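I am opening my notebook on a structure that is new to me, and I mean to write down what I looked up in the order in which I looked.

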Amino acid sequence: MRPFRYSVSKTNPWVPHISLVFREMWDATAVPFTRFGPIFASGSEGLRLVVSHISRKTSEMWGTHVRWRFKVLGLGILCSVSLLVTACSKTEQAAPTEVYVQAAHPERGDISEQITADATLAPLAQAAISPKVTAPVKKFYVQRGAHVRAGQLLATLENSDLEAAALDNKGAYTAAQGTYDIATGATVPEDTIKAETDLTQATANLNLAQSIADSRAQLFAEGAIPGRDLDTAKAALVQAKAAHEIARQHLEAVQKVSHKAALESAQGQLTSAKGKYLGAEAQLSYTEIRSPISGVVTDRPLFAGETAAAGNPVLTVMDTSALLAKLHISQIQAQQLSMGAPATIDVRGLDDPLPAKVALISPALDPGSTTVEVWLRVENAKGTLKAGTPVRTTITGRTATHALLVPLEAVQTGPDGESKFVLVIKPNGTAAKQSVTLGIRTSESAQVLSGLTPADMVITTGGYGLDEGTKVKVGTAPIEAGGEKE
């Protein structure tokens with residue numbers, strides 16, 4: 001502490017003496033002010049000890065003729081210090097400062113569960129077109145980025161040898177067709193007619209021989225002819241019967257076996273020739289690359305004249321009229337979804353989210369992640385979106401109507417990491433914790449299933465880390481003259 005400074009005053013001759021006394025008293029007592037703190041805290045008894053100590057030291061230095069003056073001075077010091085202790089005590093016992101917070105009553109309203117996940121846009125359909133034959137590319141009819149329709153010719157391969165083979169097989173097929181027509185229209189009917197004619201003739205010969213034999217038998221009985229004539233007639237009848245039987249069996253064979261075999265043989269030859277012709281035509285058609293779907297050409301790695309290997313894509317076509325956002329969510333979340341449920345897709349670079357719908361919910365879990373794959377369909381008629389773009393998806397799940405809602409920022413987590421609570425304002429203006437059971441939660445609100453009523457006043461802002469029993473006031477803290485909040 002700095003030493004006391006004084007000056008002689010004509011109006012008050014005691015000033016230099018008093019200043020000198022304080023200076024000498026400080027050096028004599030050797031009690032620095034830093035040690036007065038515990039003494040001040042002890043109350044009036046401590047102050048009495050300080051004054052007594054000072055009086056004793058000054059008496060030793062100045063004698064009894066100035067002792068009464070220092071008693072008066074000690075009394076003044078005692079009063080000053082008493083006032084200081086009283087002021088400090090009042091400051092420590094002052095009422096606690098109120099904390100300004102924002103609060104509101106829980107509200108009734110509708111809330112829907114929002115399921116968010118990252119996804120990548122995929123085309124509605126995609127075809128990597130590969131030739132089935134290895135041949136040089138003769139000509140391309142489209143470029144990358146061209147819009148094509150299903151069945152449109154995109155490219156052709158060199159096919160002179162295949163054209164010749166197809167023409168040869170076509171000739172063989174035509175010849176087989178002619179043979180089949182001859183067999184079914186001429187050969188087979190002629191054989192049948194001839195067999196029928198032979199049977200008719202054999203029947204007539206049999207009837208004639210039977211008549212002659214009967215007549216001669218009667219004449220022989222009358223004795224008009226010898227027995228040799230009767231035997232000749234009987235022999236002729238036997239031959240006629242044999243010829244008739246052979247003709248009948250031949251007709252049956254022609255009708256049942258030969259006719260059918262001839263038709264089958266002709267049909268087989270025709271089918272074989274047709275198969276070879278169609279095979280040659282198919283080989284020839286493989287040299288024409290056509291689009292199986294309508295869409296946009298997204299890849300064309302070769303140029304005309306380069307050899308296209310069988311099985312390697314030469315063109316890729318994507319249907320991007322609509323895109324699919326494929327994402328994976330938990331089984332519990334998937335159980336809350338339904339086909340056609342509304343959703344939104346956030347794409348980087350676009351200000352507003354795009355509407356989408358649930359197009360597919362996988363009936364089985366993914367074996368690796370035990371999640372459910374869900375597809376969202378988003379229309380892309382203008383071609384704004386590109387396949388392969390990463391997006392953020394939001395699907396509307398469960399919906400609760402007329403639910404009790406509080407701002408999500410008002411909900412805090414307990415020390416166990418699972419329980420939830422909010423801070424409410426009691427009628428006496430203090431904060432108190434209130435355990436709650438939550439239902440559906442969004443990025444802004446939370447559904448309260450139990451623990452609150454619409455009449456409760458819930459602290460929404462400024463409640464984090466606030467102890468129970470703290471005096472709070474709803475509003476904004478006033479601004480001091482210096483610009484800082486109180």
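I began with strand pairing in this predicted model, and I noted that strand E15 (residues 420-425) and strand E16 (residues 431-441) pair in the antiparallel sense, with six bridges between them. As one position to find by eye, I marked Phe 421, which stands opposite Ser 435 in E16. E15 and E16 form a hairpin with five residues between the strands, and there I found Gly 429 with a positive phi near 85°.

I then followed E16 to its pairing with strand E17 (residues 445-450), where the two run antiparallel and three bridges join them. Thr 437 has Ser 450 in E17 as its bridge partner, and I recorded three residues between the strands of the hairpin that E16 and E17 form.

Next I turned to single residues, starting with Glu 113, which lies in strand E2 (residues 107-129). Is Glu 113 buried or exposed? I entered Glu 113 as buried, because its relative accessible area is 15% and the cut-off for buried is under 20%. Leaving aside residues up to four places away in sequence, I listed its contacts as Gln 336, Ile 395, Thr 396, Gly 397, Arg 398 and Ile 440.

My last entry concerns Thr 316, which I located in strand E9 (residues 315-329). Thr 316 also counts as buried, because its relative accessibility is 10%. With residues up to four places away in sequence again left out, Thr 316 touches Gln 126, Ala 127, Ala 128, Val 296, Val 297, Thr 298 and Asp 299.

Terms used:
Residues are numbered from 1 along each chain as its sequence is written. This is a predicted model: local features need pLDDT of at least 70, side-chain atom pairs count only at pLDDT 80 or more; totals for chains, interfaces and linings use all residues. Side-chain values use heavy atoms; hydrogens and water are left out. Helices (H or I, at least four residues) and strands (E, at least two) are DSSP runs, numbered from the N terminus. Buried means under 20% relative accessible area, exposed over 50%, partly exposed in between (1.4 Å probe, protein chains only). Contact means heavy atoms within 4.5 Å. Two strands pair if DSSP finds at least two bridges between them.
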